[in-house]
Amino acid sequence: MTGTISSFGFGGISSQLLLGVQNLSQAKDSLQLQATTGVMASSYADLGSSRTQALALQPAITQVAAWNSNVTNAQTTLTTTQSSLSQISTIAQDLTSSLSTLGSTLSYSTVTTAASAAQSALASLGNLLNTRQGDSYVFAGQQNTTAPVSTDLGTSDLATQIAQAVSQLGSDGAQSVLDTTENLASNTAAGQPFSATLSTSPDQAQQQNTRVVVGQSETVSVGMVATQGATSTSTTSPIRDLMRNLMVVASLGSSSTSTTDYASLISGLQSSMNTVTSGLGTMSGLLGVQQNSLTNQTAMLTQMSSALTTQLGQVKDADLAQVSTQVTDTNNQLQASYSLIADMKGMTLASYL
């Protein structure tokens with residue numbers, strides 16, 4: 001009789017207790033995992049009804065991160081472009097200063113000095129127009145793997161043709177030389193001296209600006225193309241004009257400073273440089289607008305990412321304070337269960353009486 005009661009007590013009730021202990025142990029392991037990882041489940045499947053929301057939020061967060069990365073890369077490119085354009089503007093300022101000297105001092109030494117400086121500036125201009133950010137040419141637009149300037153500016157076919165036109169100063173007249181050299185520089189034939197894709201009109205060149213995806217169905221134009229105009233309606237390219245003016249000055253060593261056309265030529269170049277300086281300033285301003293716009297986009301994307309991450313956290317992240325309390329409660333329940341099972345092993349009929 002005693003054995004039967006003991007068997008019944010330990011075999012029936014304790015089996016239920018052991019099952020409860022097993023469940024409590026599993027719950028404890030799960031809670032400890034939450035406390036360690038900080039998340040409620042190791043997989044989306046274990047999130048139960050919340051998994052649908054979590055599965056929708058995670059791709060959205062990844063997409064926002066990709067847009068933010070695009071904006072960051074674009075900002076880096078713009079910084080490099082702005083820096084190079086600033087140096088090009090310095091070349092323009094130096095040429096303007098040189099022309100001012102030529103306009104007031106007619107001597108062989110001032111002409112040869114100016115010509116030498118212009119020749120050196122052409123080399124610098126070519127290098128700046130071929131500036132790269134990583135593997136991309138910042139002034140090449142969409143075809144950013146191809147160098148904008150395909151040859152040495154100082155020894156290019158264009159430089160040779162402009163030198164020939166300048167050598168006719170005196171017989172053709174200053175205005176004729178200015179018109180000829182301007183037409184030569186405006187020539188959009190490939191190799192004059194830009195790459196084939198950039199040998200186009202200023203308006204068409206501007207359409208080749210790189211476009212970057214910065215949001216849902218949202219792209220923005222970034223950077224500038226070497227041969228584009230100062231505005232969307234511009235009919236001239238400041239870079240082409242600067243290049244032409246440098247080539248003209250570099251060719252002045254072969255002209256006579258005693259001719260009346262010489263002063264008219266210098267005056268015409270000075271007028272052109274006013275337009276070049278204004279155009280380069282406009283371009284720099286446009287780049288600044290792009291930079292400000294992308295800065296605002298970064299702020300918006302950061303807020304969006306933070307909001308989405310918070311939502312995902314509410315679905316996935318464990319409440320560590322609550323988990324700590326649950327771990328303690330579960331431990332207490334396990335201890336109580338172990339004690340009860342141990343007591344039941346020693347129970348006899350007298351324990352029931």
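## Two pockets in a predicted model

Helix α8 is the leading contributor to the lining of the largest pocket, giving it seven residues. Keep in mind as you look around that this is a predicted model.

Let's stay with that pocket for a moment. Its volume comes to about 290 Å³. Among its 17 lining residues, Gln206, Asn209, Ser221, Gly223 and Gln290 are the closest to the centre. Two elements, β4 (218-222) and α8 (260-316), each give two or more residues to this lining. Sorted by class, the lining of the largest pocket holds nine polar residues, seven nonpolar ones and one charged residue.

Now to the second largest pocket, which has a volume of about 220 Å³. Here 16 residues form the lining, and those nearest the centre are Thr77, Ser136, Asn144, Thr210 and Val222. The elements that supply two or more residues to it are α2 (51-104), β2 (136-137) and β3 (210-215). Of these, α2 provides the largest share, with four residues. Charged residues are absent from the lining of the second largest pocket, where 10 polar and six nonpolar residues are found.

Here are the two pockets side by side:

| Pocket | Volume | Lining residues by class |
|---|---|---|
| Largest pocket | about 290 Å³ | seven nonpolar, nine polar, one charged residues |
| Second largest pocket | about 220 Å³ | six nonpolar, 10 polar, no charged residues |

Which element should you pick out when viewing each lining? For the largest pocket, α8 gives the most residues, and for the second largest pocket, the largest share comes from α2.

How values were computed. Residues numbered from 1 in each chain as written. Predicted model: local features only at pLDDT ≥ 70, side-chain atom pairs only at ≥ 80, totals over all residues. Heavy atoms only, no water. 1 Å grid on protein atoms, 1.4 Å probe; cavity = no way out; pocket = protein on both sides within 12 Å on 5 of 7 lines; lining within 4 Å. Points joined across faces, edges and corners; volume = space filled by probe spheres on them. Nonpolar A, V, L, I, M, F, W, Y, C, P; charged D, E, K, R; others polar.
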